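Okay, thanks for making room for me today. I'll put the model up and walk through the charged pairs, then the inside, then the outside.

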Amino acid sequence: MSRRRNLIVGWTLALLTIAGFAHLGLWQSRRAVEKQAMLDAAAGVLGQRVPNALALAADPARSRGYDWASGRGSFDARGALLLDNQQRNGRAGVRAYRVFLPAAGAPLLVDLGWLPLDGRRDFPSVPKPEGELELRGLLAPPPSTGIALGPALGREGQGWLLTRVDTAAIGQGLQLPALAPRVLRLDPALPLGYDRDLELLANTLPPEQHRGYALQWFALAAAVLITALILTFRKSRR
């Protein structure tokens, strides 16, 4: 009875561990598929660059999609929004956003690019571009938030410091009646803004890395199963 009880307990623990590792492997596999689909969709849009109106940024049916867009308008007088903890070429910095008011359509966030932080973490000034401007770029969902901890934004000088780009929370914090769920990633060829590109996964894992992690989790699940089988048959021969 003691040996049978030990087998039951041992296999229960082994199966729970295998299930946990397999679940993590499946999650990593799904993330790889999602990110690859995202990259493929964006690549198709960037390859054609068929211009759409900026008003498309507010279309709820396209909130997770990608579109090339252009239009005229002006920047809102509210201060800049700085997304913290943004790496670029191994350097720490922030990504600067400002609210843009298109001639037609809802206000939207414009990604002006990346700025470095010094050792004292003095946040840079992001002056408001003046006058009516013609903008173009990639309409895209905001950067992935990951696990949302704490408030999305807080005051920082004349602007706001962001822990994540949560358009609903930003719209509420800035007292905007509506803020488009997508942001405009400015065309790097425009003379406006700061250091930037249209890379979608600059601060997160690419699909191939998710696939590598998935393979590791599945290998651990297989290792636990093989170990449990070896221990079971070894004891049965004694």
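Let's start with Arg-62, which counts as partly exposed at 30% relative accessibility. For that scale, buried is under 20% relative accessible area, exposed is over 50%, and partly exposed is in between, with a 1.4 Å probe and protein chains only. Before I go on, the ground rules: this is a predicted model, where local features need pLDDT of at least 70 and side-chain atom pairs count only at pLDDT 80 or more, while totals for chains, interfaces and linings use all residues. Residues are numbered from 1 along each chain as its sequence is written, and side-chain values use heavy atoms, with hydrogens and water left out.

So who does Arg-62 pair with? Its side chain meets that of Asp-67 in a salt bridge, 3.1 Å from N to O. By salt bridge I mean a side-chain nitrogen of Lys or Arg within 4 Å of a carboxyl oxygen of Asp or Glu. Asp-67, at 10% relative accessibility, is buried.

How many of these salt bridges are there? The structure holds 13. Another one joins Lys-128 and Glu-130, also with an N to O distance of 3.1 Å. Here Lys-128 is partly exposed at 24%, and Glu-130 is exposed at 60%.

Then there's Arg-49 with Asp-187, at 4.0 Å, N to O. That pair links distant parts of the chain, 138 residues apart: Arg-49 sits in the loop between α1 and β1 (52-53), and Asp-187 in the loop between β9 and α3 (207-237). The helices (H or I, at least four residues) and strands (E, at least two) are DSSP runs, numbered from the N terminus. Arg-49 is partly exposed at 35%, whereas Asp-187 is buried at 7%. Add Arg-136 to those two and you have a network of salt bridges.

Now the inside. In soluble globular proteins, nonpolar side chains tend to be buried together. A nonpolar core, for us, is a set of buried Ala, Val, Leu, Ile, Met, Phe, Trp, Tyr and Cys residues joined through side-chain atoms within 4.5 Å. The largest one has 22 residues, and Val-110 and Leu-184 touch the most other members. Two or more residues each come from β2 (67-75), β4 (91-102), β5 (108-116), β6 (133-140) and β9 (183-186). Of those, β5 gives the largest share, with 4 residues.

Looking beyond four places in sequence, Leu-184 touches Leu-54, Ala-69, Val-110 and Arg-136, among others; contact means heavy atoms within 4.5 Å. There's also a second, separate core of 15 residues, including Leu-81, Tyr-97, Ala-152 and Leu-176.

How do the strands line up? Two strands pair if DSSP finds at least two bridges between them. β2 and β6 pair antiparallel over 7 bridges, with Gly-73 partnered by Leu-133 in β6. β6 and β9 also run antiparallel, joined by 4 bridges, and Leu-138 stands opposite Arg-185 in β9.

One loop residue to click on: Pro-107, between β4 and β5. Is Pro-107 buried or exposed? It's buried, at 15%. Its contacts further than four places away in sequence include Val-99, Phe-100 and Leu-179.

Last, the outside. Leu-16, in helix α1 (residues 2-48), is exposed at 58%.

That's my tour, thanks.
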